[in-house]
Amino acid sequence: MSGIPSAEERTDRATAAARRVPLSRGLSTKLLLLTIVFVLLAEVLIFLPWIASYRLSWLKERLSTAAAVSIVLVQGEPASLSRAAQNDVLMAIGAKAIAVRDGGVSRLLVVAEMPPHVDEHIDIANVGLVEGMTGALDTLFFGGERMLRVFGPVGDSDKEFELIMPDYSLRDAMLIYSRNVAFVSLLISLFTAMLVYAAIDLIMIGPIRTMTRSMLAFSEAPDDPGRIIRPAARADEIGVAERELSQMQERLQKMLSEQKHLADLGLAVSKINHDMRNILASAQLMSDRLRQVKDPTVQAFAPKLLRALDRAVSYSEGVLAYGRTQEPPPSRRRLRLRQLVDDVHGLLDTEGGIEFVNAVDPAFEVDADSDQLFRVLTNLCRNAVQAMAADAESAVVRRLAVSAERVGSVSRITVTDTGPGLPPKARENLFAAFRGSARSGGTGLGLAIAHELIRAHGGTVELVESRGGRTTFAVTIPDQPVRLDQARNGLRRPA
């Protein structure tokens, strides 16, 4: 049905949704919420000493009022007050009884109803910070039905005043104070969060959001120069990040452009090589018939023509193989290297007086992929043979030797020849395809492929020495690491 989206469309939609950051998960929302939470947390920490101070001030105020009433009553006669007057005084203060201690003698001045017991004794003059905070929280959460005895000196008086009162009025006042503080704290948190959000959004989040949009836009069309971010003239970390991102996008765009040109050129070269190989194959078939001609002149140049055609065919096949081959990972086994070197010798053309020496110990073993190591050694040895075959002087020693040694868990294979050595240009571009050839008309693909294969083994190919009369390449291959569980299983097997 046309209304049902295809799997590709669903994948595109899922990818687009994953690249969009919802507002609830954006940095701006997280920053705003975290600022509010942190400011509220700070207000809570400040609230504890505030509520303790409020509780103590409230009790001091009531005790001061009781002290003023007590002084008036001490000067007069407390018994002369009627019961209604005493109740009015106590109700105004919110107390059950008022007493004064003078010279070690305690005197009850006014009493409405003496409670059977007192739940908490509070010495106003000796309330510490921690004690005040714990007492305030205890009253705030669990108070309302307790009886308090508040006592202590007031002002410069040498008398100590006492007040017995319920704590419900204190708790109500503390709840109202807490509500007001919470409301103001919330307003401060929101206001602070908005200011912090606006400042950080302008300084950080906005530029980061711009860089994110630039990266997403650049990934959709990396070949469009208009998608490259334009960095701001900032000297901080954001400015450095924008400039580095801009330079990286420019380099990536240039590299993609070069790769596209190389891909187009490679496709054209592949087509040309494909047609050229067919033409050269036909030319080979026709040149083979020249050997049957008895003319001495034809017999003289026919071998040279055949060798030239062979090199041209080999060149075309090498270019095509290098352009389309994706080497598989090595399948490593324990190999007897001497036998492998003998197989390589069997493929070489050493009839022109070139001596081949297989100096590998018959018992020497190497941990490698048989086919890939064979290709590596074949490329190195063929290059050496071709270099020495160019020497026309018969007295020159032409020898190719392959040897090997082991250092711990690393195998080192050396290929040494007595050729003329590599020219400087070849040494500078030794493992670069199409640039590292040591002879005219060569492609340099042999060393490039050998380097790639040995690197997949975790090893290296290096030029140890190159001078007139001696050129040495070394192939280093480390053994595969043994996994601990495999080693344990091997130790558990019965002998």
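**Entry: a strand pair.** I started with strand S9 (residues 399–407) and strand S10 (residues 410–417), which pair in the antiparallel sense over eight bridges. I kept in mind that this is a predicted model. Then I checked who faces whom, and found valine 407 opposite valine 410 in S10.

**Entry: the sheet around it.** Which order do the five strands take? I read it as S7-S9-S10-S12-S11, an open sheet with mixed pairing. At the edges I noted strand S7 (355–358) and strand S11 (460–467), each pairing on one side only. I also looked up the twist: neighbouring strands of this sheet are turned by 15° against each other on average, direction ignored.

**Entry: helices on the sheet.** Next I went to helix H8 (residues 337–347), which packs on the sheet and touches S7, S9 and S10. The direction of H8 makes about 165° with that of S7. Helix H9 (residues 370–389) packs on the sheet too, touching S7, S9, S10 and strand S12 (470–478). I got about 20° between the direction of H9 and that of S10.

**Entry: helix against helix.** How do H8 and H9 pack? I found an angle of about 50°, with their axes 10 Å apart. So H8 counts as oblique to H9. The crossing of H8 and H9 is right-handed.

I listed the contact residues last. H8 brings Leu337, Leu340, Val341, Asp343, Val344 and Leu347, while H9 brings Ser370, Leu373, Phe374, Leu377, Thr378 and Cys381. Sorted by class, the contact of H8 with H9 has nine nonpolar, two polar and one charged residues.

Notes: Residues numbered from 1 in each chain as written. Predicted model: local features only at pLDDT ≥ 70, side-chain atom pairs only at ≥ 80, totals over all residues. Heavy atoms only, no water. Pairing = 2+ DSSP bridges. Helix = DSSP H or I, 4+ residues; strand = E, 2+ residues; numbered from the N terminus. Axes fitted to C-alpha atoms, helices over the stretch in contact; angles between N-to-C directions. Contact = heavy atoms within 4.5 Å. Parallel < 35°, antiparallel > 145°, perpendicular 65-115°, else oblique. Left-handed = near helix turned anticlockwise from the far one by under 90°. Nonpolar A, V, L, I, M, F, W, Y, C, P; charged D, E, K, R; others polar.
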